[in-house]
Structure formats: C-alpha cells, structure tokens
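Subject: Structure handover

Hello,

I am passing on the structure below, since you will be working with it from here. My notes on it come straight after.

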Amino acid sequence: MKNILIILENYAVEYGFKVISAILILVIGLWLSKILTKVFRKFLIRSNVDVTLLKFFSSLMRIFLITFVIIAAVNKLGVETTSFVAILGAAGIAVGLALQGSLSNLASGIMLIFFRPIKVGDYIQGGGGEGVVKEIGIFVTKLISLDNKILFIPNSKLTSDNIVNFTANETRRVDLIFGIGYKSDITTAKNIIKDVLNNNSKVLKNPPSDIFVRALAESSVQISVRPWCKTEDYWDVLSEVTENIKLQFDVNNIVIPFPQRDVHLHNK
C-alpha cells in the first residue's frame with residue numbers, strides 16, 4: 001500500500017506539474033494572442049488596409065495564434081505534437097468531406113477578399129440580392145437593402161453569379177425616357193430638357209448629356225435623356241430631373257400622352 005501511494009505521489013508530482021504548466025500556457029497564451037491580434041489590427045489600420053482585408057487578416061492571425069497555443073499546451077502534457085497534427089489533419093479531411101458547401105463558401109470568400117470585385121460600402125446586385133455591402137465574411141456576405149433588410153448571401157452563390165457593382169466608379173449615367181405627343185414640338189421639348197439639365201448643379205458638364213429621339217412609339221415620340229453625375233448623386237439626379245422636366249413640359253404645353261382607346265358604337 002505504501003508503495004502504491006509513493007507511485008501515485010510521483011505521478012501526481014510529475015503529471016500535476018505538466019497539467020498546471022499546460023493550463024498556464026493555455027491561459028497566458030490565449031491572453032497574449034488576444035493582445036497580439038489587437039496590436040496587429042492597429043498596425044493594419046495605420047497602414048490604411050482596406051476594411052475587408054483588415055477583418056480577414058485579423059481573424060486569420062487570431063486563429064493561427066490560438067492554434068499555436070493549443071499545440072504548445074498539448075505538447076507540454078507529453079503528447080507528441082506530430083501525431084496530434086496528424087489527427088487534426090485526418091479530422092480536417094473528414095470535416096471537409098462533410099462540409100463541402102461550407103468549404104466552397106470559404107474559398108469563395110477568400111476570392112472575394114483578395115480579388116476585391118466588391119468592398120464594404122459598395123452598392124451591388126448579385127447572388128439573388130441587392131444592397132449595400134455591410135460585411136464580407138469568411139462564409140457569407142452581408143448586404144443591407146434599401147428598405148433596411150439584412151441579406152445574408154453565401155459567398156459561393158455570389159461568386160458563381162454575375163456581380164453588378166453600381167458604385168465601383170466615381171460617376172454614373174442616369175438613363176431616362178420621356179414620351180411626348182406627336183403634335184408636340186420635338187425641338188422645343190429637347191430645349192426644355194437641355195435647360196433643366198443645365199440648371200441642375202449635380203448634373204456633370206463632362207461627359208456631356210445625351211438627348212435624342214429614341215423611337216416613334218405607338219402613342220408617343222420617345223426621347224432618351226442620359227445625363228452623367230457623381231455616383232453618390234444618382235438618386236437625386238434621377239428624381240430631380242424627372243420632376244423638373246415634367247413641370248416644364250406642363251408650363252410649355254408639351255403633352256405627355258398615355259395609352260387610350262377610342263371606341264365607336266354603330267347602331268344597326
């Protein structure tokens with residue numbers, strides 16, 4: 001009995017020290033990893049790194065440090081880290097086979113971050129959704145729609161679809177069509193449109209606006225109006241130009257026709 005107690009005491013001393021050391025490594029290591037991640041994040045901020053890349057690299061740094069700390073703690077317990085890494089690798093393969101869709105989203109997320117077809121703050125359309133990019137995550141991209149809905153779009157769906165980035169360039173063209181009656185004077189209508197565009201400070205002078213007859217439709221002469229503006233002024237120009245042209249057409253007796261039918265009844 002005495003020998004057994006001595007053996008247990010020796011084991012307690014030997015492995016107890018290892019367990020305490022492993023716990024200290026884990027606690028201190030996790031604390032340091034948190035601090036180092038914050039320092040790394042501040043360094044990226046000072047380097048003017050894009051917000052999307054900032055979040056990605058910060059997360060990657062934290063995962064790397066935590067993994068390193070765990071392996072160091074396990075190694076302190078006397079477990080061979082080579083076999084531990086092999087087990088992690090095998091588990092990773094098994095998990096990878098079970099989560100093929102998630103890995104596809106992960107790969108797509110990395111593509112979005114490094115090739116940067118979109119960035120936080122852009123207004124885009126893609127993957128069946130449309131809105132302002134709020135966050136590009138590892139697995140999903142978060143959009144805020146114009147009516148303040150949050151859209152979570154899987155990255156793989158986004159990269160496999162056509163992406164329309166409405167705010168990638170500094171300027172945009174506003175495409176408008178106005179129909180006037182066949183009895184209205186086309187030259188007068190075009191001059192009115194030109195004056196409205198010239199009086200709007202948000203309409204750019206260069207490139208110049210296009211004003212031309214688009215088609216002779218069934219009940220109207222269609223005039224295309226294509227002014228240019230800064231991207232952030234798009235919606236203002238769209239609404240202001242439309243409203244002012246309508247008001248000026250009314251003042252100058254330019255008729256905007258609407259579909260109608262004349263029905264003639266014949267008594268037999």
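What follows is a short account of what was found, starting with the whole chain and moving to single residues.

Please keep in mind that this is a predicted model. The chain has 268 residues, and 27% of them are buried. It holds 7 helices and 10 strands. If you take the contacts between residues at least 6 apart in sequence, 63% of them join residues at least 24 apart.

The cores

In soluble globular proteins, nonpolar side chains tend to be buried together. Here the largest nonpolar core has 21 residues, and the members that touch the most others in it are Ile193 and Phe249. Four elements each supply at least two residues of this core: the strands β7 (176-180) and β9 (221-226), and the helices α6 (186-198) and α7 (234-251). Once neighbours within four places in sequence are set aside, Ile193 is in contact with Ile211, Ile223, Val225, Ile245 and Phe249. There is also a second core, separate from this one, with 10 residues; Phe56, Leu112, Ile136 and Leu158 are among them.

The helix pair

How do α6 and α7 pack against each other? Their axes are 10 Å apart and the angle is about 135°. An angle from 115 to 145 degrees is neither roughly perpendicular nor roughly antiparallel, so α6 is oblique to α7. The crossing of α6 past α7 is right-handed. On the α6 side the contact is made by Ala189, Ile192, Ile193, Val196 and Leu197, and on the α7 side by Val241, Asn244, Ile245, Gln248 and Phe249. Sorted by class, this contact of α6 with α7 has 8 nonpolar residues, 2 polar ones and no charged ones. Ile193 and Phe249 thus turn up twice in these notes: they take part in the helix contact, and they touch the most other members of the largest nonpolar core.

Backbone details

Three places in the backbone are worth a look when you open the model. A cis peptide bond, with omega about 5°, joins Asn206 and Pro207. Pro207 is placed in the loop between α6 and β8 (210-216).

The other two places have a positive phi in a residue that is not a glycine. Asn148 has a phi of about 70° and lies in the loop between β3 (140-144) and β4 (150-154). For Asn253, phi is near 60°, and this residue lies in the segment after α7. Are these two asparagines buried or exposed? Asn148 has a relative accessible area of 61%, so it is exposed. Asn253 has a relative accessible area of 64%, so it is exposed as well.

Two more residues

Ser220 lies in the loop between β8 and β9. Its relative accessibility is 9%, and because buried means under 20%, Ser220 counts as buried. Leaving out residues up to four places away in sequence, Ser220 touches Gly179, Ile180, Tyr182, Ala215 and Pro257.

Val19 belongs to helix α1, which covers residues 2-46. With 38% relative accessibility, Val19 counts as partly exposed. Val19 and Val74 are 55 residues apart along the chain, and their C-alpha atoms are separated by 9.3 Å.

Regards

Technical notes: Residues numbered from 1 in each chain as written. Predicted model: local features only at pLDDT ≥ 70, side-chain atom pairs only at ≥ 80, totals over all residues. Heavy atoms only, no water. Core = buried A, V, L, I, M, F, W, Y, C linked by side-chain atoms within 4.5 Å. Buried < 20%, exposed > 50% of the residue type's maximum accessible area, 1.4 Å probe, protein only. Contact = heavy atoms within 4.5 Å. Axes fitted to C-alpha atoms, helices over the stretch in contact; angles between N-to-C directions. Parallel < 35°, antiparallel > 145°, perpendicular 65-115°, else oblique. Left-handed = near helix turned anticlockwise from the far one by under 90°. Nonpolar A, V, L, I, M, F, W, Y, C, P; charged D, E, K, R; others polar.
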